[in-house]
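Trainee: I'm new to this one. Could you walk me through it?

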Amino acid sequence: VVVAAVVVVAVVVLAVVVVVPEAVAAAAVVVAAVVVAAVVVVAAVLVVAAVVVVAAVVVVAVVVVVAAVVVVASVVVVAAVVAAAVVVAAVVVVAAVVVVAAAAVVVAAVVV
């Protein structure tokens, strides 16, 4: 009976000494894996966020450049239209002066 009791105690002690630390170690491994997975997920989210921010900055820069090009082009077009209008007006004024001068010559010829 004493030997059986000693054997039972030895088995219980062995089980506690071997099984409990292994269970603790296994739990530690699981916790470490969860922590590593969480870090990886957070890092991935941060990378995606950085990519989104960079893409947004690029889009805004492209929109600003396109807007600047449109403004410059419209200024050039307006300047060209104004210049053409000035040239046409000058031609009309010169033509009117020529017509008036010709009419004056005709009137002078008729009077003489």
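**A first walk through the model**

Mentor: Sure, and keep in mind that this is a predicted model. The accessible surface of the protein adds up to about 8,800 Å², and the share of it that belongs to carbon and sulfur atoms is 95%.

Trainee: How many helices and strands does the protein have?

Mentor: Look for strands and you'll find zero. What the protein does have is one helix.

Trainee: What is the radius of gyration of the protein?

Mentor: Start with the box that the C-alpha atoms fill, roughly 165 × 10 × 5 Å along the principal axes. A compact globule of 112 residues would come out near 13 Å. The protein, though, has a radius of gyration of 48 Å.

Trainee: How far apart are the end C-alpha atoms of α1?

Mentor: Count 1.5 Å a residue, and the 110 residues of α1 should span 164 Å. The model agrees with that, with the end C-alpha atoms of α1 apart by 161 Å.

Trainee: Is Val9 buried or exposed?

Mentor: Val9 sits in helix α1, residues 2–111. The number of buried residues in α1 is zero, so the helix lies largely in the open. Exposed means over 50% relative accessible area, and Val9 has 51%, so call Val9 exposed.

Trainee: Which residues make the nonpolar surface patch of about 520 Å²?

Mentor: Val9 is one of them. An α-helix has 3.6 residues a turn, so residues three or four places apart point the same way. The full set is Val9, Val13, Leu14, Val17, Val18 and Val19.

Note on methods:
Residues numbered from 1 in each chain as written. Predicted model: local features only at pLDDT ≥ 70, side-chain atom pairs only at ≥ 80, totals over all residues. Heavy atoms only, no water. Patch = residues over 30% accessible without salt bridge, like charges linked within 9 Å, V, L, I, M, F, W, Y side chains within 5 Å. Areas by Shrake-Rupley, 256 points an atom, 1.4 Å probe, with all protein chains shown as cover. Salt bridge = Lys/Arg side-chain N within 4 Å of Asp/Glu carboxyl O. Helix = DSSP H or I, 4+ residues; strand = E, 2+ residues; numbered from the N terminus. Buried < 20%, exposed > 50% of the residue type's maximum accessible area, 1.4 Å probe, protein only. Rg over C-alpha atoms; globule rule 2.2 N^0.38 Å. Expected span 1.5 Å × (residues − 1).
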